[in-house]
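Let's take a walk through the empty spaces of this protein and see what lines them. Have the structure open as you read.

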Amino acid sequence: MEAQIATPAAAPGDKPLPFILRFFQIFESLGVLVMLLVLFGVMAAIKPVYLNTNNLNNIVITGSIIAVTGLGMTIAVAMGDLDLSVGSNQALTACIAADLLTRTSMPLTIGATLLIGLLVGVVNGVIISRLKVPAFVATLGMMSVLRGAALLYTDGQSILIMGYDDFAALNTSKVLGLPMPFIIALVTLLFFYVLLRHTPFGRHVCAIGGNENAARATGLRIGLTRVIVFGLVGMAAALSGIMLSAQLLFVDGTLGKGLELQAIAVTVLGGTSLAGGSGNLPGTLLGALLIAAINSALNILKVPPFYQYLALGLLLILALSLDTARRAIIKRVVTGGVR
């Protein structure tokens, strides 16, 4: 994907890029992977149990569920928007999936749940594009609406999912030795990657994120594109809701709290700028695995759960700071301010 402000390429005869810019380029490509390997190394030294098969399997499964939501968020961010309703969407669709499972077949349950997530996203898109409500405000309001709907749907009670082995297999089964949630995350990644990088629609999304006024001037259908993007984000949140319900086999209206922050964090950590215009989808998957690995490390170290919010917030601040610095340096290079 092309960046909104293109990184100047070093041509033969040109001066080499400033060291600090090369650092940011390397960090954007390999930073999350390096942090993940360092974390594994540190934990292997102080808590070898961290690297046992069961824990690594749990990290991959948890990271995959976060990644599916994050991949949808990455598309929205590439367009220059955010969706703060994904956590509540996940909770509502997880509860609906658990309830529908007792009333109909598993394929119909999954199909209906994905459709509900899609409709929620479409409503978000219509509110933003037709009513001209900023995405931050529209999805913030929808976050509260969906959370209330999830609590009303369950009447504040929990729903147990028992006796549905096929549904539980969405979490426990493996394909070629890989956990099924990771396979689902890879398929989702492939879908969004092809959509964003190899279709006119994806180029329109990045063009809108790069410069909406210019995109409008060229005749792009910005409103329709925005509705489709938010629909896809809603569907991704619903898919993660299905995966989460298959993992927990126990759902209620409080699920997914803080997921919107995690989705934004993994998107930014993965190398996607909040300024829009591009999207690093493989980086988002790695960012989700990093978040899951950090949470697992804190649990094994018996660190109180609220420190997980502290760690997540610090990571998000670090990633945003690096992105802001990178963009400032690129701008100075483009204008000749850095030599």
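The lining of the second largest cavity is made of five nonpolar and two polar residues, with no charged ones. This is a predicted model, so treat each volume below as computed from it. The residues around this cavity are I291, I294, N295, Q308, A311, L312 and L315. Two helices, α12 and α13, each give two or more residues to that lining, and α13 has the largest share, with four. The space itself has a volume of about 30 Å³, and the structure holds two cavities of 30 Å³ or more.

Now turn to the largest pocket, which has a volume of about 750 Å³. Which helices give two or more residues to its lining? They are α2 (53–78), α10 (222–248), α11 (259–269), α12 (281–300) and α13 (306–334). If you want one helix to begin with, try α2, which gives the most to this lining, with six residues.

In total, 27 residues line the largest pocket. To find the middle of it on your screen, look for T62, I66, Q262, N295 and Q308, which lie nearest its centre. Two of these names should be familiar: N295 and Q308 also line the second largest cavity.

What classes of residue make up the lining of the pocket? Here there are 13 nonpolar and 13 polar residues, together with one charged residue. Set that beside the second largest cavity, whose lining has five nonpolar, two polar and no charged residues.

Notes. Residues are numbered from 1 along each chain as its sequence is written. This is a predicted model: local features need pLDDT of at least 70, side-chain atom pairs count only at pLDDT 80 or more; totals for chains, interfaces and linings use all residues. Side-chain values use heavy atoms; hydrogens and water are left out. On a 1 Å grid over the protein atoms alone, a cavity is a set of points where a 1.4 Å probe fits but cannot get out, and a pocket is an open set with protein on both sides within 12 Å along at least five of seven lines; lining residues have an atom within 4 Å of a point. Grid points are joined across faces, edges and corners, and a volume is the space filled by probe spheres set on the points. Ala, Val, Leu, Ile, Met, Phe, Trp, Tyr, Cys and Pro count as nonpolar, Asp, Glu, Lys and Arg as charged, and the others, Gly among them, as polar.
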